[in-house]
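Please open the model in a viewer and keep the selection panel at hand. The tour below proceeds by selections, each followed by a description of what is found there.

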Amino acid sequence: SSHNTTTTLSYPTSISAPCSFVVPKSKSRYPFSIEIFYFEFTHCIFSVQLKPFCKMSSSNFDWSSFFPLVGLVPFSVSLYSWYKNSHKQPTSESSSSEASSSILHSNTPVETSSTTSLKDAVSIVQSWRAMHLALDIGASNVRIAFQNVDANQIVFAPKMECHSMTQLLAFIAEIEVLLEKMQSQVYTHSACLALAGPVSGDRVTVTNYEQSDCSIHKNDLPARLFPEKRTYFLNDLEACSFGIVRMGLRGDLWEYMEPRNGTSSLQNQHYAVLAMGTGLGASLVFSKHIRQLDSGCSSVEFDVMPLELGHIFAPHELSQDDRDRLDFIAQRAYSSKYSPEVEDICSGRGLIACYEYEIRNEANRKTLRAREIAELVANGDDFAQRAMYAHYKYLFKAAQHMCILVPQCKGVFLAGDNQVINEGFVNKHLTDFEKEFFNHPKENWLKDVTIFRQVRGLNLNVQGALYYIGMHLRD
């Protein structure tokens, strides 16, 4: 009866029943409308080193049966964050907003222009009546796109190196100065910033920015370019997922993915999205109409639930080499106090850890950056290739966790720039990785899952930011 996210556990003498999340549908016009997701949590494979996180009064409680439940904590936190930060009640919009939304969600071809300087981009935009502004703010670069409110036209400024909020605000100020010099009357209708870091209300901290200059509040942004009530913050993986939705519904997504989908659009089912970068981003793209209604309704709408999949414990493996690797990473990351998280393997630092494990007995080898290890992989270095193999093996295991946890999930997208860069290696070992994915007692649940890999460069974060603007205008 309240707008809270609740974790419901069915707990008989042994955990044999599914558990579910009851999530408020905050965008609904009905005050107590909810979504219910059931998860086959009990069939996930967990590390054997888990420890209890709380105390209970009963001295006779069987802790061994309770240990796996701690794995729900990241998902519960994700659900609460998803509700609090991403699904606020919509405000009423004018008819111009409805027109703008139809353009953002239109299936007609989009005219795109890539410019060589920020000034060139602004010189195109300055003649427009109004625009939507989308920023993809990564750990080391920023990409800016301008969408014409009155036409299917997007202008991309070139990627610019950025390592602090001061630099970011300087780029934004430059846009304002250029528009003033050109005496432009264009205004920003809506803006969305996709940022590589946790979003907390109207404030965000960007991972890997200079520590003393890494946070920004919505009020720090200039009002002309970022209207207070129509400026939105998204986590970058959440934006990437909305980008998959936008391109998938348009039918353009399969130009950038392998294998190519048998149909031209996303299907009426759930999808997992995973992207390795500085960390491991994960989300569930879920269909709001997973079942056809008696009324004959067949329209499909999707929403995105960001998940902290990277912070569950890495699955326990049977081989001695895998055990030794996990022990090595646990010692390296936590002085063996905790088991490694999935992100301790499936991330930039995870690739470095896997490489350091491979060279642990090689005195003439030194620690390298993730980019340098990827270059060694391309050059056929055995140590680097074994590290990359483990790196992706656990990514496919993480994807397996998603699809076991959510049985309705029938597709997985491995997205991001790193996936495109490493596609040659992944494709070479794809049979092995898929074997790891299907290696589970509930293999029958996984047999219909398709794993899509991004093989061509596309800024899904910008596409998703624009789609997210359209969602709010439409509501």
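The stops that follow cover the sheets, the nonpolar cores, an enclosed helix, the aromatic pairs and the cysteines. The coordinates are those of a predicted model.

**Stop 1: the six-stranded sheet**

Select strands S14 to S19. These six strands make up an open sheet with mixed pairing, in the order S14-S19-S18-S15-S16-S17. At its edges stand S14 (257-258) and S17 (302-307), each of which pairs on one side only.

Next, restrict the selection to S18 (residues 409-414) and S19 (residues 450-454). Four bridges connect these two strands, and the pairing is parallel. Within this pair, Val412 is placed opposite Ile451 of S19.

Add helix H6, residues 236-250, to the view. H6 packs on the sheet and touches S15 (270-276), S16 (280-287), S17 and S18. Viewed along their directions, H6 and S17 make an angle of about 155 degrees.

**Stop 2: strands S9 and S13**

Select S9 (residues 187-195) together with S13. The two strands run parallel and are joined by five bridges. Leu193 is the residue that stands opposite Phe233 in S13. Is S13 mostly covered or mostly open? Four of the five residues in S13 (residues 231-235) are buried, and the strand is thus mostly covered.

**Stop 3: the three-stranded sheet**

Select S10, S11 and S12. They form an open sheet with antiparallel pairing, ordered S10-S11-S12. S10 (199-200) and S12 (215-217) are the edge strands; each has a single partner, so one side of each lacks a neighbour in the sheet. Two bridges hold S10 and S11 (residues 203-205) in an antiparallel arrangement, with Val199 opposite Val204 of S11.

**Stop 4: the nonpolar cores**

Select Leu274, Tyr355, Tyr392, Leu395, Phe396, Val412 and Phe437. These residues touch the most other members of the largest nonpolar core, which has 53 residues. Helix H10 (residues 382-405) supplies the largest share of this core, namely 15 residues.

Centre the view on Phe437. Apart from neighbours within four places in sequence, Phe437 contacts Phe396, Ala399, Gln400, Cys403, Leu446, Val449 and Ile451. A second core, separate from the one just described, contains 39 residues, among them Ile154, Cys192, Met257 and Phe302.

**Stop 5: helix H8**

Select residues 348-358. Why is H8 described as largely enclosed by the rest of the structure? The reason is that 10 of its 11 residues are buried. The buried set consists of Gly348, Gly350, Leu351, Ile352, Ala353, Cys354, Tyr355, Glu356, Tyr357 and Glu358. Display the surrounding helices as well: the buried residues of H8 pack against H7 (320-334), H9 (370-378) and H10.

**Stop 6: aromatic pairs**

Show the aromatic rings. The model contains 15 aromatic pairs. Begin with Tyr389 and Phe433, a tilted pair with a centre-to-centre distance of 5.1 Å and 40 degrees between the planes. Tyr389 lies in H10 and Phe433 in H13 (residues 430-438); at 44 residues apart, they link distant parts of the chain. How do the two rings' residues compare in exposure, buried or partly exposed? Tyr389 is partly exposed, at 24% relative accessible area, whereas Phe433 is buried, at 0%.

Keep Phe433 selected and add Tyr392. This pair is also described as tilted, with centres 6.1 Å apart and planes at 35 degrees. Tyr392 in H10 and Phe433 in H13 are 41 residues apart, again linking distant parts of the chain. Both Tyr392 and Phe433 are buried.

For a separate view, select Trp254, Tyr271, Phe302, Phe413 and Phe452, which ring pairs link into a cluster.

**Stop 7: the cysteines**

Finally, select the cysteine sulfur atoms. How many disulfides does a search of the whole structure find? The search finds zero. Consider Cys346: the closest cysteine sulfur belongs to Cys354 and lies 7.8 Å away, which is too far for a bond, given that a disulfide requires sulfur atoms within 2.5 Å. Cys346 is buried, with 0% relative accessibility. Cys240 is likewise buried, with a relative accessible area of 5%.

Definitions and conventions. Residues numbered from 1 in each chain as written. Predicted model: local features only at pLDDT ≥ 70, side-chain atom pairs only at ≥ 80, totals over all residues. Heavy atoms only, no water. Buried < 20%, exposed > 50% of the residue type's maximum accessible area, 1.4 Å probe, protein only. Pairing = 2+ DSSP bridges. Core = buried A, V, L, I, M, F, W, Y, C linked by side-chain atoms within 4.5 Å. Contact = heavy atoms within 4.5 Å. Axes fitted to C-alpha atoms, helices over the stretch in contact; angles between N-to-C directions. Phe/Tyr/Trp six-rings, centres within 6.5 Å; stacked < 30°, edge-to-face > 60°.
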